[in-house]
Amino acid sequence: MHKYVIMGVQGCGKGTQAKMLAETLDLVHISVGDIFRWLIKNHTKLGAQVKRIVASGNLVGDDVVEPIVRRRLNEHDWNYGFILDGFPRSVSQAGFFLESYDIDAVIHIQVPDAVVSERVLSRRLCSQCGLDYNLISHRPEVENVCDVCGGQLVSRPDDTPEALAERLKDYHEKTKPVLELFRRKELVLDIDGTRPPHEVQQDIRSQLGVSV
């Protein structure tokens, strides 16, 4: 059984890499961001709270995130392991996580803020089916129209220059001590995320000792 955490600022490509690795190793990909988006899309009370927080450019607090992650992991549908994307994001969250689970590695994808900004501000989301697009790497055949369902493509509410700048600042301030904690446990693998996705994935698998 493999249990991994994947870390990196929003827009670094960690979701894509997590899905690729999960498919290879038959892991369950647990994305906190996907859980939040489901809550918002289904107009839950918690979703409304999350929506207000992310729209202001802030990270969702420990008091909201921890119960969500606990509940998801307690489903125990990860027979061969999991790769957790979007958690932990604070020292207290990391402490809870290390006490509860025997982690094999923390995959840290590194991308400069300027590259992150370009990627994030180019993201689009189908307003009907939720399919992700990126105007740099995954453009629709017809401008602003989903290839699958014909829905209108829109920017995510929190993908604005102002909100992104606040998220980057918040991320670096809160994530540095988390990475330091994991480094002391010798769990961190640093990955250059500026390369094409398949090259990034090859590096991850090589450092994990997984056959490519």
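These are my notebook entries on a few places I looked up in this structure, which is a predicted model.

**Entry 1: the sheet around E5**

I began with the strands and found that 3 of them form an open sheet in the order E6-E5-E7, with antiparallel pairing. I noted strand E6 (132-134) and strand E7 (153-154) as the edge strands, since each of them pairs on one side only.

I then followed strand E5, residues 123-126, towards E7, and I found the two paired in the antiparallel sense over 2 bridges. Across from valine 154 in E7 stands leucine 125.

Turning to E6, I found that E5 pairs with this strand over 3 bridges, again in the antiparallel sense, and that asparagine 134 in E6 is the bridge partner of arginine 123. E5 and E6 make a hairpin with 5 residues between them, and in the turn I marked glycine 130, whose phi is positive at about 85°.

Which way do the residues of E5 point? I found Arg123 and Leu125 pointing one way and Arg124 and Cys126 the other way, and I wrote down that all of these residues are buried.

**Entry 2: helix H3**

Next I looked up helix H3, residues 45-55, and listed its buried residues as Gly47, Val50, Ile53 and Val54. Because they cover an arc of only 125° around the axis, I could place them on the same side of H3. On the other side of H3 I found Lys45 and Arg52, which are exposed.

What covers the buried residues of H3? I found that the cover includes helix H2 (32-41) and helix H4 (62-73).

**Entry 3: the aromatic rings**

I turned to the aromatic rings, for which the count comes to 7 pairs. The pair I examined is phenylalanine 82 with tyrosine 101: the ring centres are 5.9 Å apart and the planes stand at 90°, so I entered the pair as edge-to-face.

I placed phenylalanine 82 in strand E3 (residues 81-85) and tyrosine 101 in the loop between helix H5 (91-100) and strand E4 (105-110), so this pair ties together parts that are 19 residues apart in sequence. Both phenylalanine 82 and tyrosine 101 are buried.

I also traced the ring pairs further and found that they link Trp78, Phe82, Phe87, Phe96, Phe97 and Tyr101 into a cluster.

**Entry 4: two buried polar residues**

I looked up serine 31, which has its place in strand E2, residues 28-31. Is serine 31 buried or exposed? With a relative accessible area of 7%, serine 31 is buried, the cut-off for that word being under 20%. I followed the side chain of serine 31 to the backbone nitrogen of aspartate 34, which it reaches at 3.1 Å.

Last, I went to threonine 175, which lies in helix H7, residues 161-184. Threonine 175 also counts as buried, because its relative accessibility is 2%. Its side chain reaches the backbone oxygen of tyrosine 171 at 2.7 Å.

How far apart are the C-alpha atoms of threonine 175 and arginine 89? I noted a separation of 5.9 Å, although the two residues are 86 residues apart along the chain.

Note on methods. Residues are numbered from 1 along each chain as its sequence is written. This is a predicted model: local features need pLDDT of at least 70, side-chain atom pairs count only at pLDDT 80 or more; totals for chains, interfaces and linings use all residues. Side-chain values use heavy atoms; hydrogens and water are left out. Two strands pair if DSSP finds at least two bridges between them. Helices (H or I, at least four residues) and strands (E, at least two) are DSSP runs, numbered from the N terminus. Buried means under 20% relative accessible area, exposed over 50%, partly exposed in between (1.4 Å probe, protein chains only). A polar contact is a pair of N or O atoms within 3.5 Å; within protein, one must be able to donate a hydrogen and the other to accept it, and residues adjacent in sequence count only if both atoms are side-chain atoms. Rings of Phe, Tyr and Trp (its six-membered ring) pair if their centres lie within 6.5 Å; planes under 30 degrees apart count as stacked, over 60 as edge-to-face and the rest as tilted. The arc is that of the directions from the helix axis to the C-beta atoms. Contact means heavy atoms within 4.5 Å.
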